[in-house]
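The following exercises concern a single protein chain. Each task is followed by a solution in steps.

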Amino acid sequence: MQARMKNPALVLPGAMQALLALGKAADQAGLPRTTVDLVLLRASQINGCGVCVDMHAKDLRKQGESDERLFAVAAWRETPYFTDAERAALALAEEATRLADGGQVGDAVWDEAADHYSEQELAGLLLQIATVNLWNRLNAATRQIAGAAW
């Protein structure tokens, strides 16, 4: 395997710093790191981004996540390994990532997420989802290689 080009965020001056700053701002929402990384992993699975699937699974493993939870992220609805709040975040991540499939995040998914997260946390969650979708698209379009250091 070979990447088509360097990651675009490294090609354009200031792009990487801007993307990292957005991620840092989203981190200020106060969400549990595990929840964030589960959401990032799920969106990356949906988008087929090998770089991000690899990275976020490793991040979760470093946080002490079990194999059961890591392996079940793709099928979180059919497993008992996730809290109600994590399920709400994963559902939001799926609908926000799959906008082309349904056009918008449904009220039921939004309301469930709003039951578990404050407005600030929802803002952070949405910024995390949007940012990982951007990274997924950059990596997939340029065929970045999982495990390769930039």
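Helices (H or I, at least four residues) and strands (E, at least two) are DSSP runs, numbered from the N terminus. The model is a predicted one, in which local features need pLDDT of at least 70, side-chain atom pairs count only at pLDDT 80 or more, and totals for chains, interfaces and linings use all residues. Residues are numbered from 1 along each chain as its sequence is written, and side-chain values use heavy atoms, with hydrogens and water left out.

**Exercise 1. Locate Ala-9 and state whether Ala-9 is buried or exposed.**

Step 1. Ala-9 belongs to helix α1, which covers residues 8-11.

Step 2. Buried means under 20% relative accessible area, exposed over 50%, and partly exposed in between (1.4 Å probe, protein chains only). Ala-9 is buried because its relative accessible area is 3%.

Step 3. Ala-9 and Ala-96 are 87 residues apart along the chain, and 23 Å separates their C-alpha atoms.

**Exercise 2. Describe the span that UniProt annotates as a domain.**

Step 1. An unreviewed UniProt entry places the feature "domain: Carboxymuconolactone decarboxylase-like" at residues 13-95. UniProt positions are given in the numbering used here, feature names are shortened, and annotations may be inferred rather than shown by experiment.

Step 2. Residues 13-95 are 71% helix and 0% strand, and the end C-alpha atoms of this span lie 32 Å apart.

**Exercise 3. Analyse the salt bridges, beginning with how many the structure holds.**

Step 1. A salt bridge is a side-chain nitrogen of Lys or Arg within 4 Å of a carboxyl oxygen of Asp or Glu. The structure holds nine salt bridges.

Step 2. Asp-27 pairs with Arg-33 in a salt bridge whose closest N and O atoms are 2.9 Å apart. Asp-27 is partly exposed at 39% relative accessible area, and Arg-33 is partly exposed at 36%.

Step 3. Lys-58 and Asp-54 form a salt bridge with closest N and O atoms 3.1 Å apart. Because these two residues are four residues apart in helix α4 (residues 50-62), about one helical turn separates Lys-58 from Asp-54. Lys-58 counts as partly exposed at 44% relative accessibility, and Asp-54 is partly exposed with 24%.

Step 4. In the salt bridge between Arg-69 and Glu-86, the closest N and O atoms are 2.9 Å apart. This pair links distant parts of the chain, with Arg-69 in helix α5 (residues 67-72) and Glu-86 in helix α6 (residues 84-97), 17 residues apart. Both Arg-69 and Glu-86 are buried.

Step 5. Arg-42, Arg-77, Glu-94 and Arg-98 are joined into one network by salt bridges that share partners.

**Exercise 4. Identify which residues form the nonpolar surface patch.**

Step 1. Patches are made of residues with over 30% relative accessible area and no salt bridge, where like charges are joined within 9 Å and nonpolar side chains (Val, Leu, Ile, Met, Phe, Trp, Tyr) within 5 Å. Accessible areas come from the Shrake-Rupley method with a 1.4 Å probe; for residues, only the protein chains shown count as cover.

Step 2. The nonpolar patch consists of Met-5, Val-11 and Leu-12, which together have about 270 Å² of accessible area.

Step 3. Leu-12 lies in the loop between α1 and α2 (15-27). Leu-12 counts as exposed because its relative accessibility is 57%.
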